Amino acid sequence: MSLDKTYKMVPGTTVFDAEQSAKGYHLNQFCMSLMTAENRALYLAGERAYLDSWPLREDQKQALLDRDLNAAVRAGGNIYFLAKWGATLGFSFQQMAGSMTGMTEEEYRAMMAGGGRSVEGNRIDRAVLEAAHADPAPPDEHAVVTGAVFTSHVPAIGAAMDHGKTGEPYWRPVFEGYEFSRRWERENLPDVIFLVYNDHASAFDLSLIPTFVLGTGASFPTADEGYGPRPVPGVEGEPDLAAHIAHTLITNDFDLTLANEMPVDHGLTVPLSLMFGDVEKWPCKVIPFHVNVVQYPVPSGARCFELGRALRRAIESYDRPLKVQVWGTGGMSHQLQGPRAGLINRAWDNAFLDRLITDPAGLAQVQHLEYVEEAGSEGIELVMWLIARGAMSDVDGSGRAEVKHRFYHVPASNTAVGHLILENHPGAETPAVKE
C-alpha cells in the first residue's frame, strides 16, 4: 500500500514531510546556525565562504545566493528555518513571502490588506484527486517481519566483551546462553533490525523527555556514557524505511519524535554485540527506536503492544522486499536504586516469558505497579518487549510465531538476564510451539 501523499497535489504548496526533511537537512541546519550573532556576522562577511563551510548541494547554495526562496524550498528548505536566513539579511517576512509570489513587498502587503489570496482557483483539481484516491494495485513485493529477538541489554555484558572476560566463570554461563542465538542470527540475517531500547541519559537529559523516538538518520554514533564510547561500530540506519514507518505510525495516531541525529548507548549496542559478537561493522542496518522508561509517566504495556501491531502493518506496506527483525530489549527483573536494590524475582520473570509466548495480549494488560513491585523499579523496561511481540503475525491470527530459543540466567551484574527468539511465519496457522 502506497503512502497517501495527495498533499503534494495542492497547487503552489510544498508540504514539509520526511522526504523534504531528508533532502534539506543540511540546508535547514545551516539556517539554524544563524541564531547566534557571531555566525550571522561571519555569514554577512562572506556568504559564499560560509555556505561552502556546510555540506550543502550546489543548487541549495545557489538558491540562497540568488535570493530565490522558491528554489530553496524545492531544495528541501523549510520556511520557518529559511526565515532565520531572511532575518539575517534584513528581510521582513512579507518581503520573503512576496518574493515567492512575484510581488514586491508593497504589492504583497496590499494584497493581504485586501483580504489575502482567495482559495478559489487554488485547490486541487477534483478529477486528479479522485484518480489518486482510486484503489491502488497492491505492490508486487513488500517488506516482511521475519522474527523477533527479546534480550536484556545489561551494560556490564558489553564491558565483559570489551575487556575479554567472556570466558571467566562468572560470565561464561551468560554467553553460553547466546551461542545458539548467534548461529541462528547468521542463518537468518535480516536486512534491517528495528531495535527497541531505552536511552540511559545519553542522548536525552531532563531538558527533553520524548516518549517514543524513531531514528530516521543515515547513521548513529556510539554514545560516550562516561567511560568513553564502547569500542564497537556505529550504526548504519535505513532512512527510507524509517520515514515510511514514521509516516504510517503517525497517521495512525502514534505520536513519535523523529531523530535525524542521536548517539546510541548500551541499550542498543549490547544486544547487537550479544547477537553478532565482536565485528568491525554490524552486518545489517538498524533503525533505533527509543522508549522513555526513565521518567514517569511511561507508556503502558497495552500501548506498546498496539504500537507493535501497527509497526508490522507499516513494515508490510513498504514496497521493497526487505527482511526485517524487530528486537525488544531491556529488563528482566532488576532494581538499581534504594534499599530494594538488587531485587530479583525469578518466578515473575519466567511467568512473564511464558505469557509473552502464549498470552501476549493478556500480558499487555499488566499495570505499571506490578512491574515495579514484582520486577523492580527498572524492570519496567520489559514493556518494550511488548512492541516486538505485537509485531508477530500470530497476534492477529494471520500467521504463527515459533519459539526458537529461550534462556534465563541470574545474575549479570545487578540484573536477571532473559532472552527469547521467535520466528515469524506469516500465513501459517499452526500455534506457537517450542523447538
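This passage looks at the sheet, the nonpolar cores and the cysteines of a predicted model.

The sheet comes first. It is open and has 8 strands, running in the order β6-β3-β7-β2-β8-β1-β10-β9, and the pairing is mixed. At the edges sit β6 (257-259) and β9 (399-412), each of which pairs on one side only. Going from one strand to the next, the twist averages 20°. Strands of a sheet pair through backbone hydrogen bonds, in either a parallel or an antiparallel sense. For β1 (residues 144-151) and β10 (residues 415-426) the sense is antiparallel, with 5 bridges between the two strands. Within this part of the sheet, Val149 stands opposite Ile421 of β10. Helix α14 (residues 239-251) packs on the sheet and touches β2 (192-197), β3 (212-215), β6, β7 (285-291) and β8 (323-329). The direction of α14 makes about 150° with that of β3.

Now for the cores. The largest nonpolar core holds 60 residues, and Phe194, Ile245, Phe289, Phe352 and Tyr371 have the most contacts inside it. Helix α16 (residues 301-316) supplies the largest share of this core, with 7 residues. Setting aside neighbours within four places in sequence, Tyr371 touches a list of residues that includes Trp348, Phe352, Leu363, Val366, Ile380 and Leu386. Two glycines, Gly376 and Gly379, are also among the contacts of Tyr371. A second, separate core has 36 residues, among them Trp171, Phe175, Val213 and Phe220.

As for the cysteines, a search of the whole structure turns up 0 disulfides. Cys31 counts as buried because its relative accessibility is 0%. Cys284, at 8% relative accessibility, also counts as buried.

Note on methods:
Residues numbered from 1 in each chain as written. Predicted model: local features only at pLDDT ≥ 70, side-chain atom pairs only at ≥ 80, totals over all residues. Heavy atoms only, no water. Core = buried A, V, L, I, M, F, W, Y, C linked by side-chain atoms within 4.5 Å. Buried < 20%, exposed > 50% of the residue type's maximum accessible area, 1.4 Å probe, protein only. Helix = DSSP H or I, 4+ residues; strand = E, 2+ residues; numbered from the N terminus. Contact = heavy atoms within 4.5 Å. Disulfide = S-S within 2.5 Å. Pairing = 2+ DSSP bridges. Axes fitted to C-alpha atoms, helices over the stretch in contact; angles between N-to-C directions.
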